[in-house]
Amino acid sequence: MRFAYDTRWKERQLLQEFPVEDEMYLEDMEEYDSNYTYPCRCGDEYTLTVTDVRLRYDYAACGSCSLCIRIIYPKNDPVELNQLANTNISDT
Ligand SMILES: [Zn+2]
């Protein structure tokens with residue numbers, strides 16, 4: 001899975017060249033099965049995985065179009081996120 005991890009960082013670099021559609025607070029996204037999602041206007045959704053959150057990955061891309069949103073993390077991390085950061089991610 002290391003390849004997937006490297007790919008994700010390349011994606012991140014690419015994403016930063018795209019116009020950012022919107023800014024979204026992490027807490028305003030919908031949590032589903034440890035992932036965070038937010039609907040895109042194209043009908044698909046932006047997704048942040050548990051790994052993205054752990055890495056404080058601040059851009060989320062839509063699965064179907066080239067739009068992305070910037071994620072704003074809380075300044076004072078809630079306990080929940082601290083626990084997340086200490087969780088061993090199985091795909092690393
Ligand atoms: Zn979209």
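This report describes the strand pairing, the nonpolar core and one partly exposed residue of a predicted model.

## The three-stranded sheet

An open sheet is built from three strands in the order S2-S3-S4, and its pairing is antiparallel. S2 and S4 lie at the edges with a single partner strand each, so one side of each has no neighbour in the sheet. Averaged over neighbouring strands of this sheet, the turn of one against the other is 30°, with direction ignored.

Strand S2 covers residues 30–32 and strand S3 residues 35–39; three bridges join the two in the antiparallel sense. Within this pair, glutamate 30 has threonine 37 of S3 as its bridge partner. The hairpin of S2 and S3 has two residues between the strands, and aspartate 33 in this hairpin adopts a positive phi near 55°.

On the other side of the sheet order, S3 is joined to S4 by four bridges, again with the strands running antiparallel. Proline 39 is bridged to glutamate 45 in S4, and tyrosine 38 has tyrosine 46 of S4 as its bridge partner. Five residues lie between the strands in the hairpin of S3 and S4, where glycine 43 takes a positive phi near 110°.

## Pairing around strand S6

Strand S6 spans residues 68–72. Strand S1, residues 20–25, pairs with S6 in the parallel sense over five bridges. Strand S5, residues 59–61, pairs with S6 in the antiparallel sense over three bridges, and a hairpin of six residues connects S5 to S6.

Arginine 70 of S6 appears in both pairings. In the parallel pair, arginine 70 is the bridge partner of glutamate 23; in the antiparallel pair, tyrosine 59 stands opposite arginine 70.

## The largest nonpolar core

In soluble globular proteins, nonpolar side chains tend to be buried together. In this model, the largest nonpolar core has 12 residues: Leu26, Met29, Tyr36, Cys40, Tyr46, Leu48, Val53, Ala60, Cys62, Cys68, Ile69 and Ile71. Strand S4 (45–48) and strand S6 (68–72) each contribute at least two residues to this core. The largest contribution comes from S6, with three residues.

Which residues does leucine 48 touch, when those up to four places away in sequence are not counted? Leucine 48 is in contact with Met29, Asn35, Tyr36, Val53, Tyr57, Ala60 and Ile71. Among these contacts, Met29, Tyr36, Val53, Ala60 and Ile71 also belong to the core.

## Glutamate 21 in strand S1

Glutamate 21 is located in strand S1. Is this residue buried or partly exposed? Glutamate 21 has 17 other C-beta atoms within 10 Å, and is therefore partly exposed, since a buried residue requires 20 or more such atoms and an exposed one has 12 or fewer.

Apart from neighbours within four places in sequence, glutamate 21 contacts Leu67, Cys68 and Ile69. Of these contacts, Cys68 and Ile69 are members of the nonpolar core. Glutamate 21 and serine 66 are separated by 45 residues in sequence, while their C-alpha atoms are 9.7 Å apart in space.

Conventions:
Residues are numbered from 1 along each chain as its sequence is written. This is a predicted model: local features need pLDDT of at least 70, side-chain atom pairs count only at pLDDT 80 or more; totals for chains, interfaces and linings use all residues. A nonpolar core is a set of buried Ala, Val, Leu, Ile, Met, Phe, Trp, Tyr and Cys residues joined through C-beta atoms within 7 Å. Two residues are in contact if their C-beta atoms, placed from the backbone, lie within 7 Å. Two strands pair if DSSP finds at least two bridges between them. Axes are lines fitted to C-alpha atoms, for helices over the stretch in contact, and angles run from 0 to 180 degrees between N-to-C directions.
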